[in-house]
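The following questions and answers examine a protein model through its computed features. Please consult the sequence and the structure as each point is raised.

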Amino acid sequence: MRDLSGTTGLLSLNTATLGPKRTLKDAVEGCLRHGIEGISPWRDKIAEIGLTEAERMIRRSGLTVTGVCRGGMFPAADAEGRRLALEDNRRAIDEAAALGAACLVLVVGGLPAGSKDLKGARRQVEDGLAASLDYARSAGVSLAIEPLHPMYAADRACVNTLGQALDLCDRLGSGIGVAVDVYHVWWDPELDGQIARAGRQDRLLAYHVCDWMVPTADLLLDRGMMGDGVIDLPGIRRSMEEAGYAGLCEVEIFSANNWWPKSIDEILAVMVERGKLL
Ligand code: ZN
């Protein structure tokens, strides 16, 4: 496993970590001030300044783009909704290509409004992935399915384990893999084995870190800073690296009450400090 002591770590900043009010410029400049090597922008932050300006700013910074967040959200109540979702995914692929991102992160979507058909939603996800994959391949963008914790199956993602995501990848072929986010998968008794499986197939495209707080006050917006919760982060990173993952550790913390109110420099200073303990 790579030794992080005495370094600024192997960190990438997911722009969500700074909170919704901070701009892409804030994030890029913060990374440069704190020696953070990578960035992963959410698309709303790209849209605020436009893709051309975002591309110029990131390329000039020299930061590695570990991902673009996010595509996905495939299931819809009707054909028009599904068509719009595919269209949006093609735009997301274009953005990831323009930024030279290591992958486009996919939060695949949950149940359409009013539906109880989970199996149907999962079929729609697979269809949506299949329909997007050729476009992604031709754009040179890898698609990264991010399995989400099962508590989000209804409203965000009905792909909930790494094993389930990798089964999809097996059926879909090349150009698609997984984003491993510790917040979503740390509890999975099959985690190590599935990480190893993903590594053997060259499907480990991104690694997202934060921590699981006990108690968790809000299931969406109370993620912890690494070290403040109960996730065995060194253990999971060891599994990732033994499986061949050599990329950065992307810090993605949604924390409305604890971290987002702090100054950018405080968030990033703590992130870099904790990054040495990953
Ligand atoms: Zn994530």
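Q: How many salt bridges does the structure hold?
A: The model is a predicted one. A salt bridge here requires a side-chain nitrogen of Lys or Arg within 4 Å of a carboxyl oxygen of Asp or Glu. By that criterion, the number of salt bridges in the structure is 22.

Q: Which residues are the protein donors of the zinc ion?
A: The donor residues follow the sequence spacing E-x34-D-x26-H-x43-E. Their donor atoms lie 2.0 to 2.4 Å from the zinc ion. These donors are Glu-146 (OE), Asp-181 (OD), His-208 (ND1) and Glu-252 (OE).

Q: Is the site of the zinc ion tetrahedral or irregular?
A: Four donors count as tetrahedral if all angles lie between 85 and 135 degrees. The angles among the four donor atoms of the zinc ion are 87 to 143°. The site is therefore classed as irregular.

Q: How many residues apart are Glu-146 and Asp-181, two donors of the zinc ion?
A: Both residues are protein donors of the zinc ion. Glu-146 belongs to the loop between strand 6 (143–145) and helix 6 (162–172), whereas Asp-181 belongs to strand 7 (residues 176–181). The pair thus links distant parts of the chain, and the separation is 35 residues.

Q: Is Glu-146 buried or exposed?
A: Residues under 20% relative accessible area count as buried. Glu-146 has a relative accessible area of 4%, so Glu-146 is classed as buried.

Q: Which residue forms a salt bridge with Asp-181, and how far apart in sequence are the parts that this pair ties together?
A: The closest N and O atoms of Asp-181 and Arg-223 are 3.2 Å apart, and the two residues form a salt bridge. Asp-181 lies in strand 7 and Arg-223 in the loop between strand 8 (204–209) and helix 9 (233–242), so the pair ties together parts of the chain. Asp-181 has a relative accessible area of 0%, and Arg-223 is also buried. The partner of Asp-181 is Arg-223, and the parts are 42 residues apart.

Q: Which residue does Arg-223 meet in a salt bridge at 3.6 Å, N to O?
A: The side chains of Arg-223 and Glu-252 meet at this distance. Arg-223 lies in the loop between strand 8 and helix 9 and Glu-252 in the loop between strand 9 (249–251) and helix 10 (264–275), so the pair ties together parts 29 residues apart in sequence. Arg-223 counts as buried at 5% relative accessibility, and Glu-252 counts as buried at 3%. The residue asked for is Glu-252.

Q: By about how much of the helix are Arg-91 and Glu-87 separated?
A: The side chains of Arg-91 and Glu-87 meet in a salt bridge (3.9 Å, N to O). Arg-91, at 42% relative accessibility, counts as partly exposed, as does Glu-87 at 29%. Because the two residues are four apart in helix 4, their separation is about one helical turn.

Q: What handedness does the β-α-β unit of strand 4, helix 4 and strand 5 have?
A: Strand 4 (residues 68–72) and strand 5 (residues 104–107) pair in the parallel sense over four bridges. Among the residues involved, Gly-72 has Val-107 as its bridge partner in strand 5. With helix 4 (residues 79–98), the two strands make a β-α-β unit that is right-handed.

Conventions: Residues are numbered from 1 along each chain as its sequence is written. This is a predicted model: local features need pLDDT of at least 70, side-chain atom pairs count only at pLDDT 80 or more; totals for chains, interfaces and linings use all residues. Side-chain values use heavy atoms; hydrogens and water are left out. Donors are N, O and S atoms within 2.8 Å of the metal (3.2 Å for Na, K and Ca); water is not among the atoms, so sites may look incomplete. Four donors count as tetrahedral if all angles lie between 85 and 135 degrees; four count as square planar and six as octahedral if opposite donors are over 155 degrees apart and all others between 65 and 115; anything else is irregular. Buried means under 20% relative accessible area, exposed over 50%, partly exposed in between (1.4 Å probe, protein chains only). Two strands pair if DSSP finds at least two bridges between them. A crossover is right-handed if, with the strands pointing away from the viewer, the path from the first strand over the helix to the second runs clockwise.
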